[in-house]
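Here is a walk through some side-chain geometry and a chain-to-chain contact. Have the coordinates open while you read.

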Number of protein chains: 2
Amino acid sequence: MKKIEELKWDSKGLIPAVVQDASTGEVLTVAYMNRESLAKTREIGETVFWSRSRQEFWHKGETSGHFQKIVSVMADCDLDALVVRVTPVGPACHTGARSCFFETVEGFSEDKKQ
Amino acid sequence: MKKIEELKWDSKGLIPAVVQDASTGEVLTVAYMNRESLAKTREIGETVFWSRSRQEFWHKGETSGHFQKIVSVMADCDLDALVVRVTPVGPACHTGARSCFFETVEGFSEDKKQ
């Protein structure tokens, strides 16, 4: 059991958060949290990120209604990354896709198992 | 379909790679790749990261034998994060754990569903 204060925040005070659908295991998005957004996440039980582009808190779903309800938050062995397991209320992606990860990278695909 | 060159690399030339077990959906680790390590990954069909601490290529399994065979690589809508689905040959974590994500963060757990 680790405290928020024990996590390793990068030079900008951020940690990457891998958001995963707790039911399906699908990776929905990678976003960033700072101490305060992780504390807010804990407080309200929904994901709150730090928007690097807008430099402000980003309570996922605040405008779209597509909240992500927290199931668990785990840190890795280095304490410098998080897996946030959620129950999503609607799509994770601003494009309307369920997951943000829909772009195949050339040369890698399910069709070309190596 | 996106080319490696189209991905958005950060100021250090890196992109976070979420490594996921293709069979179970478990998130195994978060590591970083640069253009060259992603190209090597494609070439050999196993994960090759860029070690930020050692500033060198890190072919996962090279010393432990715990290689990660590539199943697919997907980028997100912003092209600034990757999900790398793999078939792991042994544990992902240097501690011997199957996944690096075994540390519960205080106040969040499967026991405290919100």
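What follows covers the rings, then the interface, then two individual residues.

**Rings and charges**

Bear in mind that this is a predicted model. Searching the whole structure over all chains turns up four aromatic pairs. One of them is A:F49 with A:W58: the ring centres are 5.1 Å apart and the planes meet at 50°, and since angles from 30 to 60 degrees fall between stacked and edge-to-face, the pair is tilted. In chain B, B:F49 and B:W58 also make a tilted aromatic pair, at 5.1 Å centre to centre and 50° between the planes.

How exposed are the partners? A:F49 is buried, because its relative accessible area of 0% is under the 20% cut-off. A:W58 has 31%, so this residue is partly exposed. Over in chain B, B:F49 comes out at 1% and is buried, while B:W58 is at 32% and counts as partly exposed.

There is some charge-over-ring geometry to look at too. The charged end of A:K40 sits over the ring of A:F57, and the charged end of B:K40 sits over the ring of B:F57. Here are the ring-related distances side by side.

| Partners | Kind | Distance |
|---|---|---|
| A:F49 and A:W58 | tilted aromatic pair | 5.1 Å, centre to centre |
| B:F49 and B:W58 | tilted aromatic pair | 5.1 Å, centre to centre |
| A:K40 and A:F57 | charged end over ring | 4.6 Å from the ring centre |
| B:K40 and B:F57 | charged end over ring | 4.6 Å from the ring centre |

**Where the chains meet**

Now for the contact between chain B and chain A. Chain B puts in 47 residues and chain A puts in 46 residues. Interface size is often quoted as the accessible area lost when the parts come together. For chain B and chain A, the buried area is about 4400 Å², with carbon and sulfur atoms giving 62% of that.

On the polar side, four salt bridges are counted between the two chains. One of these links the side chains of B:E106 and A:K3, at 3.5 Å from N to O. The count of residue pairs in polar contact between chain B and chain A, both at pLDDT 80 or more, is 20. Which elements of chain B supply at least two residues each to the side that touches chain A? They are β1 (15–21), β2 (27–33), α1 (35–44), β5 (68–76), β6 (82–88) and β7 (101–104). The largest share of that side of chain B is from β5(B), with seven residues.

**Two residues to zoom in on**

Start with A:T47, in the loop between α1 (35–44) and β3 (48–51) of chain A. Its relative accessibility is 0%, so A:T47 counts as buried. The side chain of A:T47 makes a polar contact of 2.8 Å with the side chain of A:Q68. Leaving out residues up to four places away in sequence, A:T47 touches A:T41, A:W58, A:H59, A:K60, A:Q68, A:I70, A:V84 and A:V86. That list includes A:W58, a member of the tilted pair described above.

Then jump to B:G13, in the segment before β1 of chain B. Buried or partly exposed? At 18% relative accessibility B:G13 counts as buried, because the cut-off is under 20%. Neighbours within four places in sequence aside, B:G13 is in contact with B:M33, B:N34 and B:R35. B:G13 and B:M33 are 20 residues apart along the chain, and their C-alpha atoms are separated by 8.3 Å.

Terms used: Residues numbered from 1 in each chain as written. Chains lettered and ligands numbered in written order. Predicted model: local features only at pLDDT ≥ 70, side-chain atom pairs only at ≥ 80, totals over all residues. Heavy atoms only, no water. Phe/Tyr/Trp six-rings, centres within 6.5 Å; stacked < 30°, edge-to-face > 60°. Buried < 20%, exposed > 50% of the residue type's maximum accessible area, 1.4 Å probe, protein only. Lys NZ or Arg CZ within 6 Å of the ring centre and 35° of its normal. Contact = heavy atoms within 4.5 Å. Buried area = accessible area lost by both parts, 1.4 Å probe. Polar contact = N/O pair within 3.5 Å; in protein donor to acceptor, adjacent residues only side chain to side chain. Helix = DSSP H or I, 4+ residues; strand = E, 2+ residues; numbered from the N terminus.
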